[in-house]
Amino acid sequence: MFWSTKATEMCLQQTNLICFCPFMQRSLDAETKKQMEEDEKRIISDEHWYLDLPELKEKESFIIEERSFHPCEDFLYGRMSFKGFNPEVEKLMVQMNSKADAEDVVEEGKMDVDITDEEMAQRYESLVKSIQKKFAKKRDQKVLDEDENQNVKSSKMKKTFLKPQD
Amino acid sequence: MGSVRVEEAVGQVVLPGDVLLIPSQSPDAPLSLSGAQQTSRIKVVCGPGLLRRGDDLQVCKCGLLKHRDPAVYWVDSQQKRYVPVKGDHIIGIVTTKSGDVFKVDIGGSEQASLSFLAFEGATKKNRPNVKVGDLVYGQFIVANKDMEPELVCIDSSGKANGMGVIGQDGFMFKVSLGLVRKLLTPQNDIIQEMMNIYPLEIVIGMNGRIWTKAKTIQQTLIVANLLEACEYLTGTQRKNVFARFADNVV
């Protein structure tokens, strides 16, 4: 009796194992199939692709690192000449050392202009016309001229035979 | 010293490792809801000798902490080792001439390269007359710890502006970087006093090299010795020395 029960148990185990073998898949009942699919889905859900880390925030840094002394101290120009030893360098010194001051002035105030914007626009208007004339063909040029003079010229141009008076 | 507020440390000696705290916001600033709190905080510039450490500054060189408005901090330290920095004007010595580039000794850890086209008016046909051993006054356009430094002798508009090969004769010597900075600060006493001695010319490189030239060799050497001595002279001592030369030589 005891022997026989052990034998049947072993038999059941073996059949179970065989059931999971790939070549026996078709014989799996629908329920176990469903369960296996669900298991798979659960593993690869959306959360699967996210790291479980605290959110990284980009912080604005208020500190700028600077490796140069130049922005810290306004250095003079490195070439110097005194008492007229090298006039070229002395000219450069004045130019380079005044640069820093000059830049500030320009930034503060409006730039000085010799020609106003309106003048510039007028100038361009005439320039466009004269250039247009240059590139136009002869026939077009006539039209342009006519347009300009609003047909005053055309009336003049029409030559008719004048009968000589007796 | 540990960690102190930046304002308290200005003008004091700071040591590597010290942490300088930047006040997050002045307490009497008006509160606002429209995000103005962020803009009200000014940008802090930490110059040489300081590193950014989170929201605070960490000192990495010993010296005096200096401050300039609005919020520029740096450490004024004494050192002789030059580390190339982009934009610095330096005096270099041409060591080799290899094809299109010159190798220039700048007193740093590595030689800098200087293209033969980086001179005013230089073209492929019209090569600049630079020989090995010449002194050049140039500016760094590439200088970082991972790359070979690169010099140029023209500015962005192609002008020399005093850069290029420094003329013949003259005398070059080395001083500490601190003295060079002292000489280059506007309205500094040393240069003001130097102006009154006799006609002379100086070229000061940020790498600690100074080139001088005067009418005679003797005068040139006097200037060189004076400048070298300035490193260790007090203000009154220096005045005495300069006064002596102002009277005698001219």
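How exposed is A:K83, in terms of relative accessible area? A:K83 is partly exposed, with a relative accessible area of 48%. Keep in mind as you look around that this is a predicted model.

**Two residues with positive phi**

A:K83 is worth a look for its backbone too: its phi is positive, about 55°, although the residue is not a glycine. Most residues other than glycine have a negative phi. You will find A:K83 in the loop that runs between β2 (79–82) and α3 (87–108) of chain A. Chain B offers another case, B:N161, with a positive phi of about 50° and again not a glycine. B:N161 belongs to the loop between β13 (150–152) and β14 (164–165) of chain B. Its side of the story on accessibility is that B:N161 has a value of 13% and therefore counts as buried, the cut-off being under 20%.

**Two helices of 14 residues**

Helix α2 of chain A covers residues 30–43, and its 14 residues reach 20 Å from first C-alpha to last, close to the 20 Å expected at 1.5 Å a residue. The helix is hardly covered, with zero buried residues among the 14. Now turn to helix α5 of chain B, residues 217–230: this one has 14 residues and a reach of 20 Å from its first C-alpha to its last, close to the expected 20 Å. In α5(B), the buried residues are B:Q219, B:T220, B:I222, B:V223, B:A224, B:L226, B:L227 and B:C230. As background, an α-helix has 3.6 residues a turn, so residues three or four places apart point the same way.

**Nonpolar cores**

Which residues have the most contacts inside the largest nonpolar core? They are B:L114, B:M194, B:I202 and B:L227, in a core of 64 residues. Helix α5(B) gives the largest share of this core, six residues. Leaving aside residues up to four places away in sequence, B:M194 touches A:F82, B:L200, B:I202, B:V223, B:L227 and B:F242. There is also a second, separate core of 16 residues, and among its members are A:I63, B:C46, B:L50 and B:Y73.

**Rings and charges**

Over all chains, the structure holds four aromatic pairs. Two of them are set out here.

| Pair | Centre to centre | Angle between planes | Type |
|---|---|---|---|
| A:Y77 and B:Y137 | 6.5 Å | 80° | edge-to-face |
| B:F171 and B:F173 | 6.0 Å | 25° | stacked |

The pair of A:Y77 and B:Y137 joins two chains, because A:Y77 lies in the loop between β1 (63–65) and β2 of chain A while B:Y137 lies in strand β12 (residues 135–142) of chain B. Both A:Y77 and B:Y137 are buried. In the other pair, B:F171 is partly exposed, at 34% relative accessible area, whereas B:F173 counts as buried at 5%.

Charges meet rings here as well. B:R127 lies over the face of B:F116, 4.0 Å from the ring centre. The charged end of B:R181 sits over the ring of A:F69, at 3.7 Å from its centre.

**Confidence in chain A**

How confident is the predictor about chain A? The mean pLDDT of chain A is 74, and 63% of the residues score at least 70. Among the elements of chain A, β2(A) has the highest mean pLDDT (90), and helix α6 (residues 152–157) has the lowest (55). Where pLDDT is low, the predicted coordinates should not be read in detail.

Notes. Residues numbered from 1 in each chain as written. Chains lettered and ligands numbered in written order. Predicted model: local features only at pLDDT ≥ 70, side-chain atom pairs only at ≥ 80, totals over all residues. Heavy atoms only, no water. Helix = DSSP H or I, 4+ residues; strand = E, 2+ residues; numbered from the N terminus. Expected span 1.5 Å × (residues − 1). Buried < 20%, exposed > 50% of the residue type's maximum accessible area, 1.4 Å probe, protein only. Core = buried A, V, L, I, M, F, W, Y, C linked by side-chain atoms within 4.5 Å. Contact = heavy atoms within 4.5 Å. Phe/Tyr/Trp six-rings, centres within 6.5 Å; stacked < 30°, edge-to-face > 60°. Lys NZ or Arg CZ within 6 Å of the ring centre and 35° of its normal. pLDDT = per-residue confidence, 0-100.
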